[in-house]
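Open the model in your viewer and keep the sequence panel beside it. This tour tells you what to select at each stop.

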Amino acid sequence: MAWSVALACASAGPPAEVFRPGLSLDPDAAARVARGLYPAARLVETGETVLDFALWPYEDELFVGAYERALLVCDRRLFGMDEDARRIADTVGTALPGGQGGVLVLHSVISGCWFRRYEHGRVVREVYVTAEDGVVIDRGGRLPAERPYWKAIDAGAQDVPLPFDQESFGLELAQTYMLGRGIADRGEDGFLPLELPLRRFKIG
């Protein structure tokens, strides 16, 4: 399956403990987050959906899931990897004091993966790879879950073309450091991340 994803999240605790059955969406908190991200915009709240349909929003859409100890934001502007994208990423990734966060952007056509990891209010890992351009950004210490992907490059292989699948790489990082389980994996407890509820906003 080819994924296109523009997702930022934060959790007040290990993701595997936070993202679990029974998470309840707080619409008022979601609206506050949306207004905080776009204070000058005219935001119109248009209902509720699930993460499965929010991962790659239209350019005038914003999806926000605010829960007891977690926050999810889906915003196409993350794909720009520019100053605005970093603003959104930093805002969400550091939203919960003492917590952790992450950003995952995958694009099925460009075949690229941008990932950021936040701990205690700062970026501790950032990596951007594409199938054609190889390793574009590689900052911070490599996380345990990603080390197997780097074996060929660390052994002297060229990074162009990229010697590992960027989509699998990104999904593995999201599973370990953002959601605590595979984004499309239903656990024995019945919880499936793709079924998480989010509020939808139109950006005017």
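How many residues of β3 are buried? Select β3: 6 of its 6 residues are buried, so the strand is mostly covered. Buried means under 20% relative accessible area, exposed means over 50%, and partly exposed lies in between (1.4 Å probe, protein chains only).

Before moving on, note that this is a predicted model, in which local features need pLDDT of at least 70, side-chain atom pairs count only at pLDDT 80 or more, and totals for chains, interfaces and linings use all residues. Residues are numbered from 1 along each chain as its sequence is written, and side-chain values use heavy atoms, with hydrogens and water left out.

**Stop 1: β3 and its partners**

Show the side chains of β3 (61-66). Glu61, Phe63 and Gly65 point one way. Leu62, Val64 and Ala66 point the other way. Helices (H or I, at least four residues) and strands (E, at least two) are DSSP runs, numbered from the N terminus.

Now add β9 (197-203). β3 and β9 run antiparallel and are joined by 4 bridges. Find Leu62: its bridge partner in β9 is Phe201. Two strands pair if DSSP finds at least two bridges between them.

Then add β4 (70-74). β4 also runs antiparallel to β3, with 4 bridges. Ala66 stands opposite Leu71 in β4. Follow the backbone from β3 to β4: a hairpin of 3 residues joins them.

**Stop 2: the whole sheet**

Select all the strands. They form an open sheet of 9, in the order β2-β9-β3-β4-β1-β5-β6-β7-β8, with antiparallel pairing. Which strands are at the edges? They are β2 and β8 (134-139), and each pairs on one side only. Neighbouring strands of this sheet are turned by 15° against each other on average, direction ignored. Axes are lines fitted to C-alpha atoms, for helices over the stretch in contact, and angles run from 0 to 180 degrees between N-to-C directions.

Zoom in on β1 (residues 5-11). β1 runs antiparallel to β4, and 5 bridges join them. Leu7 stands opposite Cys74 in β4.

**Stop 3: helices on the sheet**

Select α3 (83-93). α3 lies across β1, β4, β5 (100-107), β6 (112-119) and β7 (122-130). Its direction is at about 40° to β6. Next take α5 (residues 166-179), which packs on the sheet and touches β1, β4, β5, β6 and β7. The direction of α5 makes about 160° with that of β5.

Turn to α2 (residues 27-37). Its buried residues are Ala29, Ala30, Ala31, Ala34 and Leu37. They pack against β2 (43-50), β3, β4, α3 and β9. At the start of α2, a side-chain oxygen of Asp26 reaches to within 3.2 Å of the backbone nitrogen of Asp28.

**Stop 4: the nonpolar cores**

Select Leu51 and Leu72. They have the most contacts inside the largest nonpolar core, which has 40 residues. A nonpolar core is a set of buried Ala, Val, Leu, Ile, Met, Phe, Trp, Tyr and Cys residues joined through side-chain atoms within 4.5 Å. Which element gives the most to this core? It is α5, with 6 residues.

Now list the contacts of Leu72, where contact means heavy atoms within 4.5 Å. Leaving aside neighbours within four places in sequence, Leu72 touches residues including Leu7, Phe19, Leu51, Phe63, Leu179 and Leu198. Apart from this core lies another, of 27 residues, among them Ala6, Ala30, Val105 and Ile137.

**Stop 5: an aromatic cluster**

Finish with Tyr149, Trp150, Phe164 and Phe169, which form one aromatic cluster. Rings of Phe, Tyr and Trp (its six-membered ring) pair if their centres lie within 6.5 Å; planes under 30 degrees apart count as stacked, over 60 as edge-to-face and the rest as tilted.

Phe164 sits in the loop between α4 (151-154) and α5. Phe164 counts as buried because its relative accessibility is 9%. The model has 6 aromatic pairs by this rule. Trp150 and Phe164 form an edge-to-face pair, 5.5 Å centre to centre with 65° between the planes. Trp150 and Phe169 are also edge-to-face, at 6.2 Å and 85°. Trp150 lies in the loop between β8 and α4 and Phe169 in helix α5, so this pair ties together parts 19 residues apart in sequence.

Methods
Polar contact = N/O pair within 3.5 Å; in protein donor to acceptor, adjacent residues only side chain to side chain.
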